[in-house]
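Hello,

Here is the structure I promised to pass on to you. Please open it first, and then read my notes alongside it.

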Amino acid sequence: QLVDHTELEATIDAWCAKLLRAAPLATRASKQTVMRGLEEPSVRDAMARQATYPAFEAWVTSADRIEGATAFAEKRPPRWQGR
């Protein structure tokens with residue numbers, strides 16, 4: 001996102017607030033997937049292996065993953081529990 005220097009602090013604050021609303025397990029899985037994906041020879045390989053990354057496995061089997069979908073369907077904010 002490109003912003004004028006006068007809007008930089010407000011933009012950073014907005015991005016941080018958005019990240020803090022996200023599910024902690026999903027954020028951890030995303031970060032690990034990106035970092036480990038950098039070590040893969042291609043995007044295709046990274047996507048094929050992401051299910052083996054520990055944080056991704058934890059997120060896929062988590063109650064928070066179900067809570068996110070449920071909250072979206074019920075049009076309410078999610079209640080993350082970190083499990």
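Before the notes begin, one definition will help: a residue counts as buried under 20% relative accessible area, as exposed over 50%, and as partly exposed in between. Lys75 has a relative accessibility of 76%, so Lys75 counts as exposed. Please also keep in mind that this is a predicted model.

Let me start with the overall picture. The chain has 5 helices and 0 strands, and reading along the sequence gives the pattern α-α-α-α-α. How does the radius of gyration of the chain compare with that of a compact globule of 83 residues? Such a globule would come out near 12 Å, whereas the chain has 16 Å. Taken along the principal axes, the box that the C-alpha atoms fill is roughly 40 × 35 × 20 Å.

A few totals go with that picture. Of the 83 residues, 19% count as buried. The chain exposes about 6600 Å², and carbon and sulfur atoms supply 62% of this area. If you look at contacts between residues at least 6 apart in sequence, 30% of them join residues at least 24 apart.

Now to the charged side chains. How many salt bridges does a search of the whole structure find? The search finds 3.

One of them links Glu40 with Arg49, and their closest N and O atoms are 2.4 Å apart. The two partners fall into separate accessibility classes. Glu40 has a relative accessible area of 17%, which is under 20%, so Glu40 is buried. Arg49, at 38% relative accessibility, lies between the two cut-offs and therefore counts as partly exposed.

Arg76 takes part in the other bridges I would like to show you. With Glu67, Arg76 forms a salt bridge whose closest N and O atoms are 2.6 Å apart. Both Arg76 and Glu67 are buried. With Glu74, Arg76 forms a salt bridge in which the closest N and O atoms are 2.7 Å apart. Glu74 counts as partly exposed, because its relative accessibility is 47%. Through these shared partners, the salt bridges join Glu67, Glu74 and Arg76 into one network.

Lys75, the exposed residue from the start of these notes, deserves another look here. Where is Lys75 found? Lys75 is in the segment after helix 5, which spans 63-73. Its backbone is worth a glance too: phi of Lys75 is near 55°, a positive value in a residue other than glycine.

Last come the aromatic rings. A search of the whole structure finds 1 aromatic pair. The partners are Phe56 and Trp59, with 5.7 Å from centre to centre and 55° between the planes, and the pair is tilted. Both residues lie in helix 4 (residues 54-60), where they are 3 residues apart, about one turn of the helix. Are these two rings' residues buried or partly exposed? Phe56 has a relative accessible area of 17%, so Phe56 is buried. Trp59 has 25%, so Trp59 is partly exposed.

If you want a route through the model, you could begin at Glu40 and Arg49, which form a salt bridge, go on to the Phe56 and Trp59 pair in helix 4, and finish at the network of Glu67, Glu74 and Arg76.

Happy exploring, and best wishes

Methods
Residues are numbered from 1 along each chain as its sequence is written. This is a predicted model: local features need pLDDT of at least 70, side-chain atom pairs count only at pLDDT 80 or more; totals for chains, interfaces and linings use all residues. Side-chain values use heavy atoms; hydrogens and water are left out. A salt bridge is a side-chain nitrogen of Lys or Arg within 4 Å of a carboxyl oxygen of Asp or Glu. Buried means under 20% relative accessible area, exposed over 50%, partly exposed in between (1.4 Å probe, protein chains only). Helices (H or I, at least four residues) and strands (E, at least two) are DSSP runs, numbered from the N terminus. Rings of Phe, Tyr and Trp (its six-membered ring) pair if their centres lie within 6.5 Å; planes under 30 degrees apart count as stacked, over 60 as edge-to-face and the rest as tilted. The radius of gyration is taken over C-alpha atoms; the globule rule is 2.2 Å times the number of residues to the power 0.38. Contact means heavy atoms within 4.5 Å. Accessible areas come from the Shrake-Rupley method with a 1.4 Å probe; for residues, only the protein chains shown count as cover.
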